Amino acid sequence: MTYAPYPALRLRRTRATAWSRAMHAENRLSPADFIWPLFVTEGQGAEEPIGALPGVSRWSVDRMVARAKEARDAGIPCLALFPNTQPERRSDDGAEALNPDNLMCRAIRAIKDAVPDIGVLTDVALDPYTAHGQDGLLDPDGYVVNDATVDVLIGQSLNQAAAGADIIAPSDMMDGRVGAIREALEEEGHANVQIMAYAAKYASAFYGPFRDAVGSRGLLKGDKKNYQMDPANGEEA
């Protein structure tokens, strides 16, 4: 391709006015490009401001429905849900993740009943359910074991899909979990459920406010460096 020489070609010509810049814009950002992350908590009519995330709150299931309607009216197509599981429902094996009536599943069903045309994306990891705050199961030495954790993540994914989740989002960083979850979803009749994997998740202090939001920060024993990525490794990502 050849171009006319200056001054027949003036690249600034199309940048001179707002209407021209708008007409020549290659990319446009709209509410349809957004996913709204929401934190769900127990109770009725509850809103709990999150100190570590100014302007962000946890909402009870009934008020989560109102947020879903707000998102639909604003043109936001999808909600990402994260539960703040009560301490008494946490355990070393994260069994509450498999409870079909857990906080996440109740929120999914309530949203899909009230606003069936909005997408629901659900976090898949065990840190909102474990008493130790890690994303997986621990061996006797406190090491997060991979394959046994994947088995639980499969059950968690199927549990959320059965409740009506549209997108499963594994954030645990276990090896092999995406393929295993995909296979299980297919076998159980959830062929249209999508997967959005956290494929490059770093062991970073930036997750601190999020851990406050889901109630796992104060519980976390040790760190997550043996399964989340080293921030020094850009090529590995």
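**Entry 1: a lysine over a ring**

I started at K201, which lies over the face of Y207, 4.9 Å from the ring centre. I then checked a second ring, that of Y198. The charged end of K201 sits over this ring too, 5.3 Å from its centre. I note here that the model is predicted.

**Entry 2: the whole chain**

Next I stepped back to the overall layout. I counted 6 helices and 7 strands in the chain. In sequence order I wrote down α-β-β-β-α-β-α-β-α-β-α-β-α. I looked up the extent as well: along the principal axes, the C-alpha atoms fill a box of roughly 75 × 45 × 40 Å.

How much of the chain is buried? I found that 42% of the 237 residues are. I also looked at the surface. Its accessible area is about 12,700 Å², and carbon and sulfur atoms account for 54% of that.

Then I turned to contacts between residues at least 6 apart in sequence. Of these, 69% join residues at least 24 apart.

I listed the charges last. There are 24 positive side chains and 34 negative ones. The centres of the two sets lie 13 Å apart.

**Entry 3: aromatic rings**

I searched for ring pairs and got 3 in the structure. One of them is formed by F82 and F210, and its geometry is edge-to-face. The centres are 5.2 Å apart, with 80 degrees between the planes. I checked where the two rings come from. F82 is in strand 4 (residues 78-83), while F210 is in helix 6 (residues 208-214). They are 128 residues apart, and the pair links distant parts of the chain.

Are F82 and F210 buried or exposed? Both are buried. I also saw that F39 joins F82 and F210 in one aromatic cluster.

**Entry 4: a buried lysine**

I looked up K224, in the segment after helix 6. Why does K224 count as buried? Its relative accessibility is 4%, and the cut-off for buried is under 20%, so K224 qualifies. I then listed what K224 touches, skipping residues up to four places away in sequence. The list is D127, G133, Q134, D135, A203 and R211.

**Entry 5: a valine in helix 4**

I moved on to V152, found in helix 4 (residues 147-163). V152 counts as buried because its relative accessibility is 14%. Leaving aside neighbours within four places in sequence, I found V152 in contact with L98, L126 and L137. I also took a distance to V178. The two valines are 26 residues apart in sequence, and their C-alpha atoms are 13 Å apart in space.

**Entry 6: two backbone details**

I checked the backbone at P7, which lies in the segment before helix 1 (18-24). Is the peptide bond from Y6 to P7 cis or trans? I found cis, with omega near 10 degrees.

My last stop was M173. This residue is in the loop between strand 6 (167-170) and helix 5 (177-187). I read its phi as near 70 degrees, a positive value in a residue other than glycine. M173 has 10% relative accessibility, so I marked this loop residue as buried.

How values were computed: Residues numbered from 1 in each chain as written. Heavy atoms only, no water. Helix = DSSP H or I, 4+ residues; strand = E, 2+ residues; numbered from the N terminus. Buried < 20%, exposed > 50% of the residue type's maximum accessible area, 1.4 Å probe, protein only. Contact = heavy atoms within 4.5 Å. Areas by Shrake-Rupley, 256 points an atom, 1.4 Å probe, with all protein chains shown as cover. Lys, Arg positive; Asp, Glu negative; His and termini not counted. Charge placed at Lys NZ, Arg CZ, Asp CG, Glu CD. Phe/Tyr/Trp six-rings, centres within 6.5 Å; stacked < 30°, edge-to-face > 60°. Lys NZ or Arg CZ within 6 Å of the ring centre and 35° of its normal.
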